Amino acid sequence: MRSLMPFVLAASLATAPASDPGGPRGTGFQDGRTSGVVLRDSKIVLSGNGLGAKSDGYRVKRPCWYEPGDKADDMLTRQQDIRDDWFHTHPTGTAEDFDQFLKQYKDKVGQNGRWWAPAYNAADPDGLACATGLPGAVWVPQGTTPPGGITLQELYDLARAALTVPEPKIELSPDVKSYVNLPTWVWLTGIGATTRSVTAELPGVMSATVTATLTDVKIDSGTTSDRAEVRQDCGPTGHPYVKGGTFTCGVRYLRASVDQSRKAYVLTVTTEWPVTAGGGVAFAFQPVQATAVRDVPVGEVQSIVRGDS
């Protein structure tokens with residue numbers, strides 16, 4: 001296992017909770033992706049309206065870490081309570097053996113510090129193996145962390161990996177079929193809130209919030225510029241058709257789609273959500289993007305020329 005440089009947290013470790021704070025453990029994606037966040041053996045709480053959609057594939061760099069846990073007296077009580085389980089897993093053990101096992105915890109009572117324990121991201125295929133490779137709980141004096149202890153940067157990474165945005169639905173006017181030289185207006189529905197955030201918090205220790213704000217829509221007409229004119233002044237969600245309105249967001253197709261696959265152009269709309277980190281930190285993240293596609297059949301306007309009778 002690669003070596004990890006120690007990172008010193010603020011002395012707020014002294015206020016960390018002695019027991020599991022409860023709350024959601026959270027998943028950063030629904031399906032179809034191999035990246036995201038599924039926390040295991042962790043006290044980190046994920047919250048925010050940016051949870052629950054599909055991940056954009058952001059991957060946390062390190063799949064396991066140590067987290068601060070019990071104070072010395074709380075850990076001793078916890079270990080004393082597993083006496084029956086200990087003898088079940090050590091069938092030849094004696095009372096003296098169990099007392100020797102407890103000694104490592106008794107020796108820390110009265111000292112300032114905490115026991116830190118491994119946690120991992122189960123969404124990463126290397127997460128479980130990484131956590132298994134770490135020694136068990138380690139004693140850490142107050143104000144320091146062990147090598148491999150979670151850092152503020154990693155907490156922001158976890159929040160970013162859990163951050164998701166909704167997949168848009170493309171609306172068009174005209175809706176079913178367009179025609180050469182006719183403006184095809186484009187706008188999006190199903191977006192909901194245009195600001196999405198996720199907070200990853202170790203209660204009483206530190207927290208990290210990342211926020212994505214929908215700022216722009218990009219349109220790909222599905223063909224070359226000699227066959228389509230694209231208007232990109234769309235704002236965050238495009239502009240629904242308004243009779244007599246100014247056409248600023250959409251496509252004017254210049255040639256029919258009869259020669260295209262499925263006899264339609266494939267219109268692609270991508271929403272872009274720049275990401276900011278809260279707390280005045282300097283961590284930078286790439287924007288979150290979500291894409292939707294739709295077929296647009298384009299026909300020729302037929303005109304009838306009547307001869308003189």
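**An aromatic cluster, two disulfides and two cores**

Tyr105 is buried, at a relative accessible area of 9%; buried here means under 20% relative accessible area, exposed over 50%, and partly exposed in between, with a 1.4 Å probe and protein chains only. The structure is a predicted model, in which local features need pLDDT of at least 70 and side-chain atom pairs count only at pLDDT 80 or more, while totals for chains, interfaces and linings use all residues. Residues are numbered from 1 along each chain as its sequence is written, and side-chain values use heavy atoms, with hydrogens and water left out.

The chain as a whole provides the setting for Tyr105. Its secondary structure comprises five helices and 17 strands, taken as DSSP runs (H or I of at least four residues for helices, E of at least two for strands) and numbered from the N terminus. Of its 309 residues, 43% count as buried. Contacts, meaning heavy atoms within 4.5 Å, often span long stretches of sequence: among those between residues at least 6 apart, 70% join residues at least 24 apart. The accessible surface comes to about 15,900 Å², and 52% of this area belongs to carbon and sulfur atoms; accessible areas follow the Shrake-Rupley method with a 1.4 Å probe, and for residues only the protein chains shown count as cover.

The aromatic residues come next. A pair of aromatic rings is described by the distance of the centres and the angle of the planes. Rings of Phe, Tyr and Trp (its six-membered ring) pair if their centres lie within 6.5 Å, and planes under 30 degrees apart count as stacked, over 60 as edge-to-face and the rest as tilted. The whole structure holds 13 such pairs. In one of them, Tyr105 and Trp115 are tilted, with 5.0 Å from centre to centre and 55 degrees between the planes. This pair links distant parts of the chain, since Tyr105 lies in helix α3 and Trp115 in strand β4, ten residues apart. Trp115 is buried as well, at 5% relative accessibility. Trp115 also pairs edge-to-face with Trp139, at 5.6 Å between centres and 65 degrees between planes. Here strand β4, which holds Trp115, is linked to strand β5, which holds Trp139, across 24 residues. With a relative accessible area of 16%, Trp139 is buried too. Ring pairs join these three residues with Trp86, Phe87, Phe98 and Phe101 into a cluster.

Helix α1 (residues 72-80) can be read against this background. Its buried residues are Ala72, Met75, Leu76 and Gln79. They span an arc of only 100 degrees around the axis, which puts them on the same side of α1; the arc is that of the directions from the helix axis to the C-beta atoms. Their cover includes α2 (83-89), α3 (95-106), β4 (113-121) and β5 (138-141).

Nonpolar cores are sets of buried Ala, Val, Leu, Ile, Met, Phe, Trp, Tyr and Cys residues joined through side-chain atoms within 4.5 Å. The largest has 52 residues, and those with the most contacts inside it are Ile44, Leu158, Ile219 and Leu267. Helix α5 (residues 152-162) supplies the largest share of this core, six residues. A second, separate core has ten residues, among them Phe98, Phe101, Leu102 and Trp115.

Helix α5 is largely enclosed by the rest of the structure, because nine of its eleven residues are buried. These include charged residue types as well as nonpolar ones: Glu154, Leu155, Tyr156, Asp157, Leu158, Ala159, Arg160, Ala161 and Ala162. Leaving aside residues up to four places away in sequence, Leu158 touches Val37, Leu39, Ile44, Val60, Trp65 and Ile150.

Two disulfides, each a pair of cysteine sulfur atoms within 2.5 Å, are found in the whole structure. One joins Cys64 to Cys130, with 1.8 Å from S to S. This link is left-handed, at -60 degrees about the S-S bond. It connects distant parts of the chain: Cys64 is in strand β3 (residues 64-68) and Cys130 in helix α4 (residues 127-132), 66 residues apart. Cys64 is buried, with a relative accessible area of 2%.

The other disulfide is formed by Cys234 and Cys249, whose sulfur atoms are 2.1 Å apart. With 95 degrees about the S-S bond, this link is right-handed. Cys234 sits in the loop between β12 (228-232) and β13 (249-253), whereas Cys249 is in strand β13, 15 residues apart. Both cysteines, Cys234 and Cys249, are buried. With the bonded cysteines numbered in sequence order, the pairing is 1-2, 3-4.
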